[in-house]
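Dear colleague,

I am handing over the structure we spoke of, and I would be glad if you could look through it before reading my notes below.

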Amino acid sequence: MKIETLAIHAANHTDAATDAVIQPIVLSTTFERNTEGNYPKGYSYSRAGNPNRQALENVLSKLEGGAEAAAFSSGNAAGMTVFQSLKPGTHIIGPDDMYHGLRNQLKHLFAGILEFDFIDVNNEEVLRSYIKPNTGLIWLETPSNPSLKITDIKNVVAIAAEHGIKVVCDNTFASPLGQQPLALGAHMVMHSTTKYLGGHSDLTGGALITANKDEWWEKIIQIQQMGGAIPAPADCYWLVRSIKTLPYRMRGHVENAQKLAEFLEQQPHVERVLYPGVPSHPQHELAKTQMLNFGGMLSFMVKGGAEAAEKVLNATQLFTSATSLGGVESLIERRAAIEGPDTKTPQNLLRVSVGLEHIDDLIADMQQALERI
């Protein structure tokens, strides 16, 4: 089935008790045993499994072309589960512009337990030089947050395979509609389902999707069930409902982002636009071969430094100054101010989550904001 059909039907189950076309929310925390002490419907306790979570995990695995998925209470919980699944002393290679939430997990929660280096994973010579005998994981994030760097997934996977190293790709920015890392050889995909999969800025969640149901995946599931960082049944229900419109929402996000990026490239107050869909992006050609579309996220740098960027930020009316991304409304923020003193993000960079408002209104709002500098 095509992805639009999968998004609607892969999590849809007619209710056996009522014949309701839409699966109800099952709030029960526990399930009845039969006379033999077994669970004939497959559910025993909601931390271990729930019908709504199973429906969500099924559609997530289908959208990413994976063997199985595991849903979590947040994207950070999903990422942390990967780190928890590794043996103490394992060395991790991550990108030098890795999402600061997961980067801080490694630096502050796993220091002394795991080893890690944050490097330019796009530089093959540098990547090879950092591989150690105990390197067990290469973490990718493409497009990256917030610099929109594109990593050649196939190339990194090929290098990792030479050393028996696993590769996990954070696919949050692209969504399953924009990129299929498992098809490119990655072993696992991570999502913050809070973002495009949720799509309405009203729930928090995360997910892992595996290419293979192997021993490593069984460890992931064990941590999910024993650790208990699971989404509530209602959150799973709303995520399933949101995913049904994901293919059509993403088309609007991508179309608006492309037009806004092209507009920004022509503005005298803009120093640089970071969007893989414009030819000025240094990895535009790679993005064309690796991505199904260029996504709904862009960043741009304002001439005049942090002060000028703040003026633009505060002058917008349709772009809401807020953290997060992937909702139907457009958001904007100066990432360096959010990431803290050790950030590598340029101080004049504004990250934009391009929403589904009419593009003429978005361009007009951005134009008047730039004119305030």
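What follows is a short account of the nonpolar cores, the cavity and one loop residue.

Please bear in mind throughout that this is a predicted model.

The largest nonpolar core comprises 66 residues, and those with the most contacts inside it are Leu-56, Leu-260, Leu-264, Tyr-275, Leu-298, Phe-300 and Met-366. Helix α9 (residues 246–265) contributes the largest share of this core, eight residues. Apart from that core lies another, of 24 residues, which includes Val-82, Ile-92, Phe-110 and Val-168. Returning to Tyr-275, and leaving out residues up to four places away in sequence, one finds that Tyr-275 touches Val-254, Ala-257, Gln-258, Ala-261, His-281, Phe-294, Gly-295, Met-297 and Leu-298.

As for empty space, the count comes to one cavity of 30 Å³ or more, and the largest cavity has a volume of about 40 Å³. Its lining is made up of three nonpolar, three polar and five charged residues, with Asp-96, Asp-97, Asp-120, Glu-141 and Lys-149 among the residues that line the largest cavity.

Finally, Thr-172 sits in the loop between β5 (166–170) and β6 (188–191). Is Thr-172 buried or exposed? Thr-172 counts as buried because its relative accessible area is 9%, where the cut-off for buried is under 20%. The side chain of Thr-172 makes a polar contact with the side chain of Asp-170, at 2.7 Å, and, setting aside neighbours within four places in sequence, Thr-172 is in contact with Met-190, His-191, Ser-192, Lys-195 and Tyr-196.

With best wishes

Technical notes:
Residues numbered from 1 in each chain as written. Predicted model: local features only at pLDDT ≥ 70, side-chain atom pairs only at ≥ 80, totals over all residues. Heavy atoms only, no water. Core = buried A, V, L, I, M, F, W, Y, C linked by side-chain atoms within 4.5 Å. Buried < 20%, exposed > 50% of the residue type's maximum accessible area, 1.4 Å probe, protein only. Helix = DSSP H or I, 4+ residues; strand = E, 2+ residues; numbered from the N terminus. Contact = heavy atoms within 4.5 Å. 1 Å grid on protein atoms, 1.4 Å probe; cavity = no way out; pocket = protein on both sides within 12 Å on 5 of 7 lines; lining within 4 Å. Points joined across faces, edges and corners; volume = space filled by probe spheres on them. Nonpolar A, V, L, I, M, F, W, Y, C, P; charged D, E, K, R; others polar. Polar contact = N/O pair within 3.5 Å; in protein donor to acceptor, adjacent residues only side chain to side chain.
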